[in-house]
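Colleague: I should like to understand how the parts of this protein chain pack against one another. Please take me through it step by step.

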Amino acid sequence: MRKPIIAGNWKMNKTPSEAKALVEALKPLVADAGCDVVVCVPALDFAAVKEAAEGSNIGVGVQNMHWKESGAYTGELSAAMIKEAGAQYVIIGHSERRQYFAETDETVNKKVLAAVAAGLIPIVCVGEKKEEREAGYTNPLVTYQTQIALTGLTAAQVENVVIAYEPVWAIGTGLTATDEQANETIGVIREAVAAVYGKETAEKVRIQYGGSMKPSNAKGLMEQPEIDGGLIGGASLKAEDFAKVVHFDA
């Protein structure tokens, strides 16, 4: 059985003091969670969040990284910096990074390789735009994105990668894929892993749904057999809402 993983993506929200307060409020609400609980926070919030989460069951991550070890890359963070700061997770290839900051499947792959080499757990995002779904390209697109992202990893390394399926058309729009749509596409992603690394490896990979999961729809989505968790946006910015998603089976 794959252990569910619920990860909050705070995006560009919360000052360090606000971030600390949110984690302090969240800790008692998720202390008995039956899943892995993660918050991926802005870099400047990381120290405050790491300190606030100390001794709790909340894992901490960041939202982006560079694939190079060091160099003239103003504004970027290396895997070694992230690891030494105490992060466990890093989001790679989020649709907003692809849309606004020109990330490509190639750069996503480079980042995944660097993250894994540093001992970080990458949360790798794949997903289609509205026009791509309407044109019938969803399955080949997520298959391609998944396989390119993982290129160069061993089967053992792939087992520890988390993949997040985020239909771009359902992020920040209020739209959500039906439970069945999300399950079907995540099944395609798992098949894409199996085609390269074998079914046994694919069955161990945790695949989240990242398209506007919130308290009102978390239970139905999480009851689907292929869905192993959620990458939570807006609902992760309020402790009570995030805790309700974490306790989806309550």
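Colleague: At what angle do helices H1 and H2 pack, and how far apart are their axes?

Modeller: This is a predicted model, in which local features need pLDDT of at least 70 and side-chain atom pairs count only at pLDDT 80 or more, while totals for chains, interfaces and linings use all residues. Residues are numbered from 1 along each chain as its sequence is written, and side-chain values use heavy atoms, with hydrogens and water left out. Helices (H or I, at least four residues) and strands (E, at least two) are DSSP runs numbered from the N terminus, and axes are lines fitted to C-alpha atoms, for helices over the stretch in contact, with angles from 0 to 180 degrees between N-to-C directions. For H1 and H2 (residues 46-53), the angle is about 25 degrees and the axes are 8 Å apart.

Colleague: Which word describes how H1 and H2 lie relative to each other?

Modeller: Angles under 35 degrees count as roughly parallel, over 145 as roughly antiparallel, 65 to 115 as roughly perpendicular and the rest as oblique. The angle between H1 and H2 is about 25 degrees. H1 and H2 are therefore roughly parallel.

Colleague: How many nonpolar, polar and charged residues has the contact of H1 with H2?

Modeller: Contact means heavy atoms within 4.5 Å. In H1, Pro 16, Ala 19, Lys 20, Val 23, Glu 24 and Lys 27 meet Ala 48, Val 49, Ala 52 and Ala 53 of H2. Ala, Val, Leu, Ile, Met, Phe, Trp, Tyr, Cys and Pro count as nonpolar, Asp, Glu, Lys and Arg as charged, and the others, Gly among them, as polar. The contact of H1 with H2 thus has seven nonpolar, no polar and three charged residues.

Colleague: How do the residues of the contact of H1 with H12 divide?

Modeller: H1 (residues 16-30) and H12 (residues 239-246) pack at about 30 degrees, their axes 9 Å apart. From H1, Leu 22, Ala 25, Leu 26, Leu 29 and Val 30 meet Ala 239, Glu 240, Phe 242, Ala 243 and Val 246 in H12. These residues divide into nine nonpolar, no polar and one charged.

Colleague: Are H5 and H7 roughly parallel or oblique to each other?

Modeller: The axes of H5 (residues 105-117) and H7 (residues 138-150) come within 7 Å and cross at roughly 40 degrees. In their contact, Asp 105, Val 108, Asn 109 and Val 112 of H5 meet Tyr 144, Gln 145, Ile 148, Ala 149 and Leu 150 of H7. Given their crossing angle, H5 and H7 are therefore oblique.

Colleague: Is Tyr 165 buried or exposed?

Modeller: Tyr 165 and Tyr 209 form a tilted aromatic pair, 6.2 Å centre to centre with 55 degrees between the planes; rings of Phe, Tyr and Trp (its six-membered ring) pair if their centres lie within 6.5 Å, and planes under 30 degrees apart count as stacked, over 60 as edge-to-face and the rest as tilted. The pair links strand S6 (residues 162-165) with strand S7 (residues 206-209), its members 44 residues apart. Buried means under 20% relative accessible area, exposed over 50% and partly exposed in between (1.4 Å probe, protein chains only). With a relative accessible area of 0%, Tyr 165 is buried.

Colleague: What separates the C-alpha atoms of Ala 195 and Gln 147?

Modeller: Ala 195 belongs to helix H9 (residues 179-197). At 61% relative accessibility, Ala 195 counts as exposed. Ala 195 and Gln 147 are 48 residues apart along the chain, and their C-alpha atoms are separated by 9.0 Å.
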